[in-house]
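Reader: I'd like to learn how to read a few features off a fold. Can we go through them one at a time?

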Amino acid sequence: MAIFISDSPQSTEKFGAEYAKNLKSNDVVVLNGEMGAGKTVFCKGVAKALGIDDEILSPTYAYMNDYSGKLYHFDCYRLKGGGQAEVLGLCDYFYAGGVCVIEWADNISSVLPENVKTVTIEKLDGDKRRIIY
């Protein structure tokens with residue numbers, strides 16, 4: 001486990017891009033943190049590192065946004081369990097060849113692959129964040 005202290009959203013995004021350099025096809029990254037912690041900002045950095053120029057938005061109402069098969073960005077906040085993720089076909093993306101980044105993954109923990117990577121973002125003072133990975 002390592003810790004990075006971010007002092008701004010830009011720093012969090014840049015860290016996400018650096019983190020993504022070690023990701024490979026079918027990696028699943030669980031992003032933990034309260035609302036407003038910077039999970040989607042981190043994901044924007046991951047997207048940049050994967051060569052994605054699209055605007056990265058939180059998929060709260062769509063459950064998952066597919067960025068050209070390179071990145072699958074999940075928001076499982078509204079899901080009630082792994083069974084719901086399976087019915088929606090979300091689990092298929094774990095093995096679809098891209099990188100999966102999952103916000104609120106605790107809600108579907110029963111269906112997550114075994115070897116997920118975990119990143120936790122904690123709010124500190126102001127825009128500072130502690131990123132544990």
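Author: Sure. Keep in mind that this is a predicted model. Let's begin with Asn26, which is found in the loop between H1 and E2.

Reader: What sign does phi have at Asn26, and about how many degrees is it?

Author: General idea to begin with: most residues other than glycine have a negative phi. Asn26 is not a glycine, and yet its phi is positive, about 70 degrees. As for solvent, Asn26 is partly exposed, with 32% relative accessibility.

Reader: Where does Tyr63 lie, and is Tyr63 buried or exposed?

Author: Tyr63 sits in the loop between H2 and strand E3 (64-67). Its phi is positive too, about 75 degrees, although Tyr63 is not a glycine. Tyr63 has a relative accessible area of 17%, and the cut-off for buried is under 20%, so Tyr63 counts as buried.

Reader: Back to H2, then. Which residues of helix H2 are buried?

Author: H2 covers residues 39-49, and its buried residues are Lys39, Thr40, Phe42, Cys43, Gly45, Val46 and Ala47.

Reader: What covers the buried residues of H2?

Author: The cover includes helix H1 (9-20) along with strands E2 (28-32), E4 (71-75), E5 (99-103) and E6 (117-123). Just after H2 comes Gly51, with a positive phi of about 80 degrees.

Reader: Cysteines next. How many disulfides does the count come to?

Author: The idea is that a disulfide is a covalent bond between the sulfur atoms of two cysteines. Here the count comes to zero disulfides.

Reader: Why is there no bond from the sulfur of Cys76 to the closest cysteine sulfur?

Author: Distance. The closest cysteine sulfur to that of Cys76 is in Cys91, 8.8 Å away, which is too far for a bond, because a disulfide needs the two sulfur atoms within 2.5 Å. Seen from the other end, the sulfur of Cys91 has its closest cysteine sulfur in Cys76, at 8.8 Å. Cys76 is buried at 0% relative accessibility, and Cys91 is buried with a relative accessible area of 14%.

Reader: On to rings. How many aromatic pairs does the count come to?

Author: The count comes to 10 aromatic pairs. Take Phe74 and Phe94: their pair is tilted, at 5.8 Å centre to centre with 35 degrees between the planes. Phe74 lies in strand E4 and Phe94 in the loop between helix H3 (82-87) and E5, so this pair ties together parts that are 20 residues apart in sequence. Both Phe74 and Phe94 are buried.

Reader: Which residues do ring pairs link into a cluster?

Author: That cluster is made of Phe4, Phe15, Tyr19, Phe42 and Tyr133. You've met Phe42 already, as one of the buried residues of H2.

Reader: Let's finish with strands. Do E2 and E6 run parallel or antiparallel?

Author: E2 and E6 run parallel and are joined by four bridges. To find one of them, look at Val29, whose bridge partner in E6 is Lys117.

Reader: In which sense do E6 and strand E7 pair, and over how many bridges?

Author: E6 and E7 (residues 129-132) pair in the antiparallel sense, over four bridges. One place to look is Thr120, whose bridge partner in E7 is Ile132. The hairpin of E6 and E7 has five residues between the strands, and in this hairpin Gly126 takes a positive phi near 55 degrees.

Technical notes. Residues numbered from 1 in each chain as written. Predicted model: local features only at pLDDT ≥ 70, side-chain atom pairs only at ≥ 80, totals over all residues. Heavy atoms only, no water. Buried < 20%, exposed > 50% of the residue type's maximum accessible area, 1.4 Å probe, protein only. Helix = DSSP H or I, 4+ residues; strand = E, 2+ residues; numbered from the N terminus. Contact = heavy atoms within 4.5 Å. Phe/Tyr/Trp six-rings, centres within 6.5 Å; stacked < 30°, edge-to-face > 60°. Pairing = 2+ DSSP bridges.
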